[in-house]
Amino acid sequence: MKKEGTIIKITGPVVLAENMRGSRIYELVMVGKEQLIGEIIELERDTATIQVYEETSGVTPGEPVTRTGMPLSVELGPGLLGQIYDGIQRPLTKIMDLVGDYIERGIQVPALDRERRWEFTPEVSVGDVVGQGDILGVVPETKTLIHRVLVPPGLSGKVREIAAKGTYTVEETIAKLDAEEGAVVGIQMLQRWPVREARPYGKKLEPNVPLITGQRVIDTFFPIAKGGTAAVPGPFGSGKTVVQQQLAKWVNAEIIVYVGCGERGNEMADVLREFPALEDPTTGEPLMNRTVLIANTSNMPVAAREASVYTGITIAEYYRDMGYDVALMADSTSRWAEAMREISGRLEEMPGEEGYPAYLASRLADFYERSGRIITTGREERMGSVSVIGAVSPPGGDFSEPVTQNTLRIVKVFWALDADLANKRHFPAINWLESYSLYTDAVSDWWHEQAGDDWGEMRGEMMTLLQKESELQEIVQLVGADVLPEHDKLVLLAAEILKESFLIQNAFHAVDTYCRPVKQYGIMKILLTFYGLASDAIAKGVPVEKIMAMPVRVKLARIAVIPDAEYEGRFEEIKKNMEDEFRSLVPA
């Protein structure tokens, strides 16, 4: 028999209901005659405060509230990849097919297709003893990705029955276990997991393998490791969404989870149009075949915005447990924090700084701490990771506001987007003087092995050059560049070439949109070779004006757009031309 309460008060997405004795915090409930989805967030005697994930206009006191006895959970199983969900995992494409372009209130559509049949191949036999995280069988979810059906967390026992190789729906039982105390437990491919609870793992590993993004300023100067955390704060128009989308397209993770949390509808529409048309550069298949999109735009119910990031991280952990590297992009966590602030205000909670709830920092930490590179549970040692990259939208670009500051206390990579760089058409507009990465030393061994032994030394030399250029610019603004010594003029020139040829990257250029690590290393080597030869020339009396007029400068400016198939030969040619030109400049 369903247990019901009664609505006594409605304040926007917050509903009070009585006769709710026996309910639990974060229990899922169905609100009103239209059965709107809600979650209990506060209990006092038999009165429950409910956060409703849909528009509540038209709901009246006296309508019923039905308890489900379950927490807010997501459905996990084959069929997640390629889907577009809202913040509470309703499949938007299926809803559009049913009701058109606008979501009707109270509509409930299963997150996973109940009719589609999947090719299941068993990996265990009757009589095998299995525990949580062990592989029961595999399903080819896409042409390039194998979905591993795992024993759910907290379950172990002897295999009583296992399905033969064949096709099954996600609701059909594919295995039965003799569990503790003689209980027989059936296992389906469809599993559910509460979104606010982190999934278990075996052991956490050091994040020492870089998450390659193909963006030079990120990979070389401010790298993120697999299982790491990063924040991308920046004012309006500085390119946060483009950076997030570039990372979603190019990072070397097997699975991408992209959460559009409170973003403008037109930006999410661009994502939804663009991603299905993109080709995965590593497999040649559509990029959507390894992507889950969660779209909760700014005009959607505010409460579902808060749930969307938990939905995304839970799906990411599910694929991590199979042994895959997952990258989650949350765009933007500021909108999530604003949703928390609005709900907190309606609950009449004591506000913290700038009206945000006092628990803002702990909620942000709970979210980011679910990242990590781990060894999974189960007999087979599988390594998986969840890397979390969150965009932050500080009002007016003020990095001292609470969301940015609390995020920076948690994450280990800070990519500070700069409005001045964006106005100069310098993209990605990552300020190299304000940004930092605490993973640089951890990933340096990988770079030294994959690119070259002098990677760290060259990176340090380039950062020093940019720092010195910044100091000289302050002098130039006071007295002009003409009074500087020749070597300081060369520093300004070399830094300018470095910005043009290395830091600026065109996201919409067929070649420059992605730069392989070995190519990044090659560009660094050529630019620093130029600086070294130019320094020698200056020491021998060659004026900077002659170096500025060298024909090779044009080739250096276009070095990043040389196709991958040609760059090694072309780089050698540029280096030789450069040496010949400097030889002709220096007097005998």
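Let's start with strand 1 (residues 4–11) and strand 2 (residues 14–18), which run antiparallel and are joined by 5 bridges. Keep in mind that this is a predicted model. Look for lysine 9 and you will find leucine 16 of strand 2 standing opposite. These two strands belong to a closed barrel of 6 strands, and if you follow the barrel around you meet them in the order 1-2-5-4-3-6, with antiparallel pairing. From one strand to the next, the twist averages 45 degrees.

Now move along the chain to another set of strands. Here 4 strands in the order 12-11-9-14 make an open sheet, again with antiparallel pairing. Which strands form the edges of this open sheet? They are strand 12 (146–150) and strand 14 (166–168), each of which pairs on one side only. The twist in this sheet averages 40 degrees from one strand to the next. Zoom in on strand 11 (residues 135–140), and you can trace 5 bridges to strand 12 in the antiparallel sense. One residue to look for is valine 138, whose bridge partner in strand 12 is arginine 148.

Next, pick out a single residue: valine 259, in strand 20 (residues 255–261). Is valine 259 buried or exposed? Its relative accessible area is 1%, and because buried means under 20%, valine 259 counts as buried. You can see what surrounds this side of the story by checking its contacts: leaving aside residues up to four places away in sequence, valine 259 touches Ile294, Ser308, Val309, Gly312, Leu328, Met329, Ala330 and Asp331. For a sense of distance, try glycine 69, which is 190 residues away along the chain; its C-alpha atom is separated from that of valine 259 by 28 Å.

From here, let's turn to the helices. Helix 6 (residues 333–346) has 14 residues and spans 20 Å from first C-alpha to last, close to the 20 Å expected at 1.5 Å a residue. Its buried residues are Thr333, Ser334, Arg335, Trp336, Ala337, Ala339, Met340, Ile343 and Ser344. Just after helix 6, glutamate 348 takes a positive phi of about 60 degrees.

Further along comes helix 11 (residues 455–479), with 25 residues and a reach of 36 Å between its first and last C-alpha, close to the 36 Å expected at 1.5 Å a residue. Which of its residues are buried? They are Trp455, Met458, Arg459, Met462, Leu465, Leu466, Glu469, Leu472 and Val476. As you read that list, here is a useful rule: an α-helix has 3.6 residues a turn, so residues three or four places apart point the same way. The cover over the buried residues of helix 11 includes helix 2 (216–221), helix 10 (440–450), helix 12 (486–503) and helix 13 (517–539). Just after helix 11, glycine 480 takes a positive phi of about 90 degrees.

Finally, take a look at how helix 10 meets helix 11. Their axes come within 9 Å and cross at roughly 125 degrees, and the two helices are therefore oblique to each other. On the helix 10 side, Thr440, Ser444, Trp447 and His448 take part, and they meet Trp455, Gly456 and Arg459 of helix 11. The residues of this contact divide into 2 nonpolar, 4 polar and 1 charged.

Notes. Residues numbered from 1 in each chain as written. Predicted model: local features only at pLDDT ≥ 70, side-chain atom pairs only at ≥ 80, totals over all residues. Heavy atoms only, no water. Expected span 1.5 Å × (residues − 1). Buried < 20%, exposed > 50% of the residue type's maximum accessible area, 1.4 Å probe, protein only. Contact = heavy atoms within 4.5 Å. Axes fitted to C-alpha atoms, helices over the stretch in contact; angles between N-to-C directions. Parallel < 35°, antiparallel > 145°, perpendicular 65-115°, else oblique. Nonpolar A, V, L, I, M, F, W, Y, C, P; charged D, E, K, R; others polar. Pairing = 2+ DSSP bridges.
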